[in-house]
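Please open the model in a viewer with residue selection enabled, and follow the stops below in order.

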Amino acid sequence: MWLKPEEVLLKNALKLWLMERSNDYFVLQRRRGYREEGGGGLTGLLVGTLDSVLDSTAKVAPFRILHQTPDSQVYLSIACGANREEITKHWEWLEQNIMKTLSVFDSNEDITNFVQGKIRGLIAEEGKHSFAKEDDPEKFREALLKFEKCFGLPEQEKLVTYYSCSYWKGRVPCQGWLYLSTNFLSFYSFLLGSEIKLIISWDAVSKLEKTSNVILTESIHVCSQGENHYFSMFLHINKTYLLMEQLANYAIKRIFDKETFDNDPILDDPLQITKRGLENRAHSEQFNAFFRLPKEETLKEVHECFLWVPFSHFNTHGKMCISENYICFASQDGNLCSVIIPLREVLAIDKTNDSSKSVIISIKGKTAFRFSEVKEFEQLVAKLWLKCGAASTQYHDISTEVPISSESVDPSDDIEVQSLICQRECSKTVNTEALMTVFHPQNLETLNSKMLKEKMKEQSWNILFTECGRGVSMFRTKKTQDLVVRGIPETLRGELWMLFSGAVNDMAANPGYYAEVVEQSLGTCNLATEEIERDLRRSLPEHPAFQSDTGISALRRVLTAYAFRNPKIGYCQAMNILTSVLLLYAKEEEAFWLLVAVCERMLPDYFNRRIIGALVDQAVFEELIRDHLPQLTEHMTDMTFFSSVSLSWFLTLFISVLPIESAVNVVDCFFYDGIKAILQLGLAILDYNLDKLLACKDDAEAVTALNRFFDNVTNKDSPLPSSVQQGSNVSDEKSSHIRVDITDLIRESNEKYGSIRYEDIYSMRCRNRLYVIQTLEETTKQNVLRVVSQDVKLSLHELDELYVIFKRELFFSYYWCLSSPVLKHHDPSLPYLEQYQIDCQQFRVLYHLLSPWAHSANRDSLALWTFRLLDENSDCLINFKEFSSAIDIMYNGSFTEKLKVLFKLHIPPVSKPAKEKEAESAKNSPEKGKEKVDIQAYLSQWQEELLKKKENIKDLPRMNQSQFIQFSKTLYNLFHGDPEEESLYQAIAVVTSLLLRMEEVGRKLHNLASSTKGLSGAVCASGGPSEGQTESHLEKDPSSLRDEPQWSFAFEQILASLLNEPALVKFFEKPIDLKAKLENAKTSQLSSRTRK
């Protein structure tokens, strides 16, 4: 690798280096101790230790080239190499391209300048195709070279960044370098002759966390395949941990969670991943989650500044965050003040003419926001004008006082105007009113105490709107949160849910989208629509709105439209319960966009086949229980109890366990605070029932206690009629169970657990996602092993090792083959055995690693034929059961079983017509190519498998002449290198001769004795001929073979002949050590792909 020319003093240059070549202008040196016998003694050990611990160009590689000029004590380092071949190429290039030119220069200074310029030009040319695009390209190139030298991974493995740290091996810290690449976490250390090299694939990481103890103040704990690794002594441990977390989650999504990954094109090309890009991505994700913005938004700029809060008459300090379509602000002084300004609402952007460095943003509704003490505010104003698409760049100087009018306009009116045409077209089918206003209109003439309280709530919100504004750009403060905790008024619920969830932005950006999707999805029939129809009548069946066709039809349209919009989710149970509540308080189109916000942003991955998101949040919930309720953790022997109990809490936002009048208050808090509100409420419920839970003797008793608690949760202020309220149906008789008001419960959850931060939840979600997906993968593995173990003689431990190698090969193929369609076949909804399948190329690699017959000269042909034999449905893929059955026969099969496999390998399968193949494929996979699952086909397939009889050797086809010749060649190849090679050759020659004579007598051939004798004589000659001799004799005259009548053999004939030769029987029945083969395969699986 060419290096940026740097000065090296002559006395230092010769201290740790040995000269190997030199001329008048260049010197090639080798690092002292490198490839010397005994490691170069103490000097070699010290040099190796320095190379591992320190970081400088002079110590990064064992070879280097220096540029020298006569009579000078200063050399320039211009190249280095990881091996002799690399450095020799550089040296030869210098001799051929530079040396001849240098003689024309008159002065040494001109020579040095020319060499420096040439080397810099070479580096610039290399940089065009290099991955080194970090802050310090020189140091990164240096680290990249060392990374490639130490681990030798393929060139496509992208190094993202590297850190100096300590790795704890036992109680001893080893100083070295941690390399983070797209697929691996790697560590290298060399201290006083002791080398440590560690490679962990990200997809094998099940736990990644920051820890601290008495010895280690702060360290990063990595758990992979049951082994624990600790890294410490980082300069910036938080940044390092965040990057490791992102890379691990990236790998997990790419390998195991293709549904999520396919929806994220940013991660599609691992070669484009950089440290800075990952950091920016993490910030954007947190930014979008905090302000509830569309996932497509990217955080572009962050400015510290002050925002003038008019109703409080003070400037609050915080950060202005700017994305493509939004300007957002969040305070940092604990006042919980935040603002979201969509650029579509902006009318003008101005700057002040004083020293306050203020930016004034005016929006629709006669409202303006003043941001002061903004660094580079003039450039910011110009950028914002461009973002808003302003026609003019003329700025107006205005006074520093900016009044905010009390007049406000509901932005939902603007949205309605934008989609008015579409609403008119579909007004006959789409409801334009919330179901609650239709089925429970408020009667102003009969105001009871509850209605009066409801009107007081509305008045409180109107006062807040007057102070803070109304609509998407309103100020959100502590007072806003307090009003949400008390419960949003019925008449404002739909509007505020849209606002706080961010659904108002999605709807504004897609006018008319819902009406279009409804029209396209009407009449569709698939698995999702069938499930929707089945669950329609189960959605709040006690509510009058869903006892009528109006409510049922609206629910059907919203769910069907969403299934059409997002077929990867389609429909999932619990979506019907949530959507029915949304329809009660929001217009039909608004309910659709609220469902989009919940499924795609606020509860990511909840409503897919494996409900990964819900399982992740349950793991977060368990972690919070351990932190905040330790006495409950100590009492419960199994934490999975909380997962089983709380699953419905998360999936339905407590709607399925609380009375409807109380559950809507929880939904209020969820749309304002996100998953944080659900976690806080869950902790408050467990805390409230702590004494009862501690007194429970088993899980069933604890579930009963919680169910009784939920039955006694009420909402005393709910204005809903008693016929609708579910809590009112509970007996009011005196009992030991005390009624709990939902408002008090939510308020208590905020007071006790409100300190939980969004950032902590985000980090816990990332951390637990690794654990959840690895747990699901472990479950898949155990189920596969349980099924396969019934049909093979391999032990469970051997099967486990084999499964790891099988799956690892599949992943390795995907790491560096970006166009490989391998994992496109991974579908978690398929049966366990079908989730991971390998193609012919991957099988070939595994065959070479594991097969006891892999030493054969025709091993590639054997691998191809074996794959063809296993691929019964001709889809060019085989699963683990098929793969393990082949390995089992090779190692544990009897003589007859092994011979039968070899026999069948040489008989090509009979090709089937295309129509028959399609019919068989559909039969084997009833769900493939159909939207509706054919249950009868599954049952028929299952019955056939149960009745499938064991293959009889008499059913095998006969082996013809050319196939027998190839079969004989294969046997010769298998015997090559065996200690009994000569006797095996003699035995196979005898068998071949015997079979040919049997065929001659059996078929009474017409006077072909001469040719048969020639063939048998050639085979019997010299106690077993070489493969080349046999082949030349058998194929000397192909035309004569075509003219002769074709002879063939049955399997019984070949088997009986071979059984007469003890040497052959002994060869096939001798035990082979599979354990050693598996261990060797695990170590060489990665090294076989490394650079040679």
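Begin by selecting residues 359–363, strand β18, in which 4 of the 5 residues are buried. Buried denotes under 20% relative accessible area, exposed over 50%, and partly exposed the range in between, with a 1.4 Å probe and protein chains only. Strands (E, at least two residues) and helices (H or I, at least four) are DSSP runs numbered from the N terminus. The model is a predicted one, in which local features require pLDDT of at least 70 and side-chain atom pairs count only at pLDDT 80 or more, while totals for chains, interfaces and linings use all residues. Residues are numbered from 1 along each chain as its sequence is written, and side-chain values use heavy atoms, with hydrogens and water left out.

**The neighbours of β18**

Add residues 346–352, strand β17, which runs antiparallel to β18 and is joined to it by 5 bridges. Two strands are taken to pair if DSSP finds at least two bridges between them. To see the register, display Lys-351, which stands opposite Val-359 of β18. The two strands form a hairpin with 6 residues between them, and Lys-357 in the turn has a positive phi of about 50°.

Next, select residues 367–372, strand β19, which is antiparallel to β18 and likewise connected by 5 bridges. Here Ile-360 stands opposite Arg-370 of β19. β18 and β19 form a hairpin with 3 residues between them, and Gly-365 in this turn has a positive phi of about 90°.

**Aromatic pairs**

The structure holds 48 aromatic pairs. Rings of Phe, Tyr and Trp (its six-membered ring) pair if their centres lie within 6.5 Å; planes under 30 degrees apart count as stacked, over 60 as edge-to-face and the rest as tilted. Remain at β19 and show Phe-369 together with Phe-475: this pair is tilted, with 5.4 Å from centre to centre and 45° between the planes. Phe-369 belongs to strand β19 and Phe-475 to the loop between α14 (449–468) and α15 (478–486), so the pair ties together parts that are 106 residues apart in sequence. Both rings belong to buried residues, Phe-369 and Phe-475.

Move to Phe-621 and Phe-650, whose ring centres are 5.7 Å apart and whose planes meet at 70°, so this pair is edge-to-face. Phe-621 is in helix α23 (residues 612–628) and Phe-650 in helix α25 (residues 640–652), 29 residues apart, and the pair links these distant parts of the chain. Phe-621 has a relative accessible area of 1% and is buried; Phe-650, at 1% as well, also counts as buried. Extend the selection to the cluster that ring pairs form from Phe-621, Trp-649, Phe-650, Phe-654, Tyr-688, Phe-709 and Phe-710.

**Charges over rings**

Which residue lies over the face of Tyr-585? Select Arg-493, at 5.0 Å from the ring centre. A charge sits over a ring if NZ of Lys or CZ of Arg is within 6 Å of the ring centre and within 35 degrees of the ring normal. Then display Lys-676, which lies over the face of Tyr-758 at 5.8 Å from the ring centre.

**An open sheet and its helix**

Colour the 7 strands of the open sheet in the order β9-β8-β7-β6-β12-β11-β10, in which the pairing is antiparallel. The edge strands, each pairing on one side only, are β9 (194–201) and β10 (205–211). On average, neighbouring strands of this sheet are turned by 30° against each other, direction ignored. Focus on β8 (residues 184–191), joined to β9 by 8 bridges in antiparallel fashion, and locate Leu-185 opposite Ile-200 in β9.

Now add helix α6 (residues 137–151), which packs on the sheet and touches β6 (159–169), β7 (172–181), β8 and β9; the direction of α6 makes about 60° with that of β6. Contact requires heavy atoms within 4.5 Å. Axes are lines fitted to C-alpha atoms, for helices over the stretch in contact, and angles run from 0 to 180 degrees between N-to-C directions.

In the loop between β11 (219–224) and β12 (227–232), pick Gln-225. Phi of Gln-225 is near 50°, a positive value in a residue other than glycine, and Gln-225 counts as exposed at 61% relative accessibility.

**Two crossing helices**

Finish with helices α7 (residues 237–255) and α9 (residues 275–291), whose axes come within 10 Å and cross at roughly 90°. Leu-242, Leu-243, Gln-246 and Leu-247 of α7 meet Lys-275, Leu-278, Glu-279, Arg-281 and Ala-282 of α9.
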